[in-house]
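Let's take a walk through a protein model together. Keep the sequence and the 3D view handy, and look up each residue as we get to it.

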Amino acid sequence: MAKKKAPARKPAFSKTVEAALADLVIANRILANENVIDAFGHVSIRHPERADRYFLARSRSPEFVERGDILEFDLDSNPISPDGRTMYSERPIHGRLYKQRPDVKAVCHNHAHSLIPFGVTGGGLKPLLHVAGCIGAEVPVWDISEDFGDTDLLVTNNDMGDSLARKVSRNRTCLMRGHGAVVATHDLKSVVFVAIYLMVNAALQKEARALGTVKFLSPAEVKLTEQMNFKERSQNRAWEYWARRAGFKTAINV
Ligand SMILES: [Zn+2]
């Protein structure tokens, strides 16, 4: 007997929101494929039609995230439709950044290995590469022990999320001592772009330091390269490149 075809899933959201969620799946896969995130780490977007909500996958390695894994949260990081699935314990990172920064539309939290040495040695991570002006002139370091003493270093409640968001302040990037980093930007493509080049810049800075004194981008160069990095054509070109490397052949919004 012919197998009955499963009914098509009825979209719960508008076309605009569904398109944004499809891109969020791509962003998960890109960040995994480029080794920004591994089994851990995550990426979210603010709800395109409701500033008091955001979307983030259920607790799953980003490499495997699919549309059906994406959940909706309020800014206190409560799920809108709890369905018993396990959630990322560090979702307050996202909720509190969206709460404190109305301009932020996408957030990535990651544990990229090249960032860790800078977080445990007092920082000093600065852009030295023209595609990394977007990380900002200085990358602050948040040390969870300053507000919370000895912990397992995870950001698991809203007080911790608030503390981290205060340290991020108006920046796009912030290191988390002994843990990783957070990237917060105006849209999904740029959060992917900044997260990747933050990681690349850290690796290059370590390499360059071993060779001698590093000449970083000047403050004016940071401003000019930021503008270049965030041009639509730069963002689209990079997005298509990374999306195709991650196995997406179609549905790339370029
Ligand atoms: Zn983490």
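Which backbone nitrogen lies 2.9 Å from a polar atom of the side chain of E90? The backbone nitrogen of V155 does. Before we go on, one thing to keep in mind: this is a predicted model.

## E90, a charge on the inside

Let's stay with E90 for a moment. You'll find E90 in the loop between β3 and α2. This residue is buried, yet has no salt bridge. The nearest side chain of opposite charge belongs to R91, and that is 11 Å away. The cut-off for a salt bridge is 4 Å between a side-chain nitrogen of Lys or Arg and a carboxyl oxygen of Asp or Glu, so R91, at 11 Å, doesn't qualify as a partner for E90.

What E90 does have is polar company. Besides the link to the backbone of V155, a polar contact of 3.4 Å joins the side chain of E90 to that of H179. If you skip the residues up to four places away in sequence, E90 touches H42, H109, H111, L153, L154, V155 and H179.

## Salt bridges

How many salt bridges does the structure hold? There are 16. Let's look at some of them. R50 pairs up with D52, and their closest N and O atoms are 2.8 Å apart. R50 is partly exposed, with a relative accessible area of 34%, and D52 is partly exposed too, at 35%.

Next, try K99 and D76, whose side chains meet in a salt bridge at 3.6 Å, N to O. This pair links distant parts of the chain: K99 sits in helix α2 (residues 92-100), while D76 is in the loop between β3 (70-74) and α2, 23 residues apart. K99 is partly exposed, with a relative accessible area of 45%, and D76 counts as partly exposed at 34%. There's a bigger picture here as well: D76, R96, K99 and D162 are linked in a network of salt bridges.

Then there's D143 with R177, a salt bridge at 2.9 Å, N to O. Here, too, distant parts of the chain are linked: D143 belongs to the loop between β5 (141-142) and α4 (144-148), and R177 to the loop between β6 (173-176) and β7 (180-185), 34 residues apart. Are D143 and R177 buried or partly exposed? Buried means under 20% relative accessible area, so D143, at 19%, counts as buried. R177, at 26%, counts as partly exposed.

## Helix α5

Now find helix α5 (residues 158-168). At its start, a side-chain oxygen of N157 reaches to within 3.0 Å of the backbone nitrogen of D159. After the helix comes S169, whose phi is positive, near 55°.

Which residues of α5 are buried? They are M160, G161, D162, S163, L164, A165 and V168. These buried residues pack against α2, β5, α4, β6 and β7. You've met D162 already, as a member of the salt-bridge network.

## The nonpolar core and helix α6

The largest nonpolar core has 75 residues. Those that touch the most other members are L31, L164, V182, L188 and V192. Helix α6 (residues 188-211) supplies the largest share of this core, with 11 residues. Click on V192 to see who surrounds it: leaving aside neighbours within four places in sequence, V192 is in contact with A27, I30, L31, W239 and W242.

A208 is also found in helix α6. At 23% relative accessibility, A208 counts as partly exposed. Again not counting residues up to four places away in sequence, A208 touches L128 and V214. From A208, you can jump 26 residues along the chain to S234, and the C-alpha atoms of the two are separated by 26 Å.

## Helix α8

That jump lands us in helix α8 (residues 232-245), where S234 is one of the buried residues. The others are Q235, N236, A238, W239, W242 and A243. What covers them? The cover includes α1 (15-33), α6 and α7 (219-229). W239 and W242 should ring a bell, since both are in contact with V192.

How far does α8 reach from its first C-alpha to its last? With 14 residues, the helix reaches 20 Å, close to the 20 Å expected at 1.5 Å a residue. α8 is followed by G247, whose phi is positive, near 100°.

Methods. Residues are numbered from 1 along each chain as its sequence is written. This is a predicted model: local features need pLDDT of at least 70, side-chain atom pairs count only at pLDDT 80 or more; totals for chains, interfaces and linings use all residues. Side-chain values use heavy atoms; hydrogens and water are left out. A nonpolar core is a set of buried Ala, Val, Leu, Ile, Met, Phe, Trp, Tyr and Cys residues joined through side-chain atoms within 4.5 Å. Buried means under 20% relative accessible area, exposed over 50%, partly exposed in between (1.4 Å probe, protein chains only). Helices (H or I, at least four residues) and strands (E, at least two) are DSSP runs, numbered from the N terminus. Contact means heavy atoms within 4.5 Å. The expected span of a helix is 1.5 Å times one less than its number of residues. Lys and Arg count as positive and Asp and Glu as negative; His and the chain ends are not counted. A polar contact is a pair of N or O atoms within 3.5 Å; within protein, one must be able to donate a hydrogen and the other to accept it, and residues adjacent in sequence count only if both atoms are side-chain atoms.
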